Amino acid sequence: MPTLVFRPMMLMLMLFAITAKAATLNETSQVTQLTTEFMKELQAGNTPGAYAAVTKYLGVDAQQFEAYGRTAHDYMSKVNKEIGPAISFDLLANEAVKQHLLRQTYLLKYEEAALVWRFTFYNSGKGWRLVGVDYSTDVEQLYQLTP
């Protein structure tokens, strides 16, 4: 599979759009549970289910996030059709900027390829909210994560 960098999912520019009605996650372990559930749905080929599982915790505009989710669904359907289903996933990194930002990086593995998925959460002091989902075939960025 040729290298393709696909990043329409980045929602970081919309940090200011955090809404008061969104639920929050109090502990980073809850963030990991949520992102793990997302990845399980992706591995099962259920991209809409993955996105639905996290919408309760959005700190960004829900309509735009849903549109990005539809784009991801189209992309993942194409990937699964061309190279087959995902075989596993692995949490590669948990990166934090104090108690303000948290980024988790996963590798979604296929027999002959892999996709990198990154989740960014923001904590305004009232709990963690999802503000970014990003995916890419650019595995070169992963080498920065390992010593």
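This tour proceeds from the whole chain to the sheet, its hairpins, the core and a few individual residues of a predicted model.

**Whole chain.** Begin with the protein chain coloured by secondary structure. Three helices and four strands are present, and from the N terminus on they follow the order α-α-α-β-β-β-β. Of the 147 residues, 41% count as buried. A surface display covers about 8000 Å² of exposed area, of which carbon and sulfur atoms supply 52%. Among contacts between residues at least 6 apart in sequence, 61% join residues at least 24 apart.

**The sheet.** Next, select the four strands. They form an open sheet in the order β1-β2-β3-β4, with antiparallel pairing. β1 (88-97) and β4 each have a single partner strand and stand at the edges, so one side of each lacks a neighbour in the sheet. Viewed from strand to strand, the twist averages 20°.

**β2 and β3.** Restrict the selection to 101-109 and 114-123, which are β2 and β3. Nine bridges join these two strands in the antiparallel sense, and the hairpin that they form has four residues between them. Two pairs serve as landmarks along it: K109 stands opposite A114 in β3, and R103 stands opposite T120 in β3. With the rest of the chain shown again, consider β3 alone: eight of its 10 residues are buried, so this strand is largely enclosed by the rest of the structure.

**β3 and β4.** Now add residues 128-136, the strand β4. β3 and β4 pair in the antiparallel sense over eight bridges. F119 has V133 as its bridge partner in β4. The hairpin of these strands also has four residues between them, and there G125 takes a positive phi near 110°.

**Helix over the sheet.** Select α1, residues 28-43. This helix lies across β1, β2, β3 and β4, and runs at about 25° to β2.

**The core.** Which residues touch the most other members of the largest nonpolar core? Show F38, L108, W117, F119 and F121 as sticks: these hold that position among the 31 residues of the core. At least two core residues come from each of α1, α2 (47-54), α3 (62-83), β2, β3 and β4. Centre the view on F119 and display its surroundings. Leaving aside residues up to four places away in sequence, F119 touches T35, F38, M39, L102, R103, Q104, Y106, L130, G132 and V133.

**The salt bridge.** From F119, move to R103, one of the residues that F119 touches. Where does the side chain of R103 meet another in a salt bridge? Its partner is E95, with 3.0 Å from N to O. A search of the whole structure finds one salt bridge. Both residues are partly exposed: E95 has a relative accessible area of 27%, and R103 has one of 33%.

**A loop residue.** Finish at K98, in the loop between β1 and β2. Is K98 buried or exposed? K98 is exposed, with a relative accessible area of 69%. Inspect the backbone here as well: phi of K98 is near 50°, a positive value in a residue other than glycine. Most residues other than glycine have a negative phi.

Definitions and conventions
Residues numbered from 1 in each chain as written. Predicted model: local features only at pLDDT ≥ 70, side-chain atom pairs only at ≥ 80, totals over all residues. Heavy atoms only, no water. Core = buried A, V, L, I, M, F, W, Y, C linked by side-chain atoms within 4.5 Å. Buried < 20%, exposed > 50% of the residue type's maximum accessible area, 1.4 Å probe, protein only. Contact = heavy atoms within 4.5 Å. Pairing = 2+ DSSP bridges. Axes fitted to C-alpha atoms, helices over the stretch in contact; angles between N-to-C directions. Salt bridge = Lys/Arg side-chain N within 4 Å of Asp/Glu carboxyl O. Areas by Shrake-Rupley, 256 points an atom, 1.4 Å probe, with all protein chains shown as cover.
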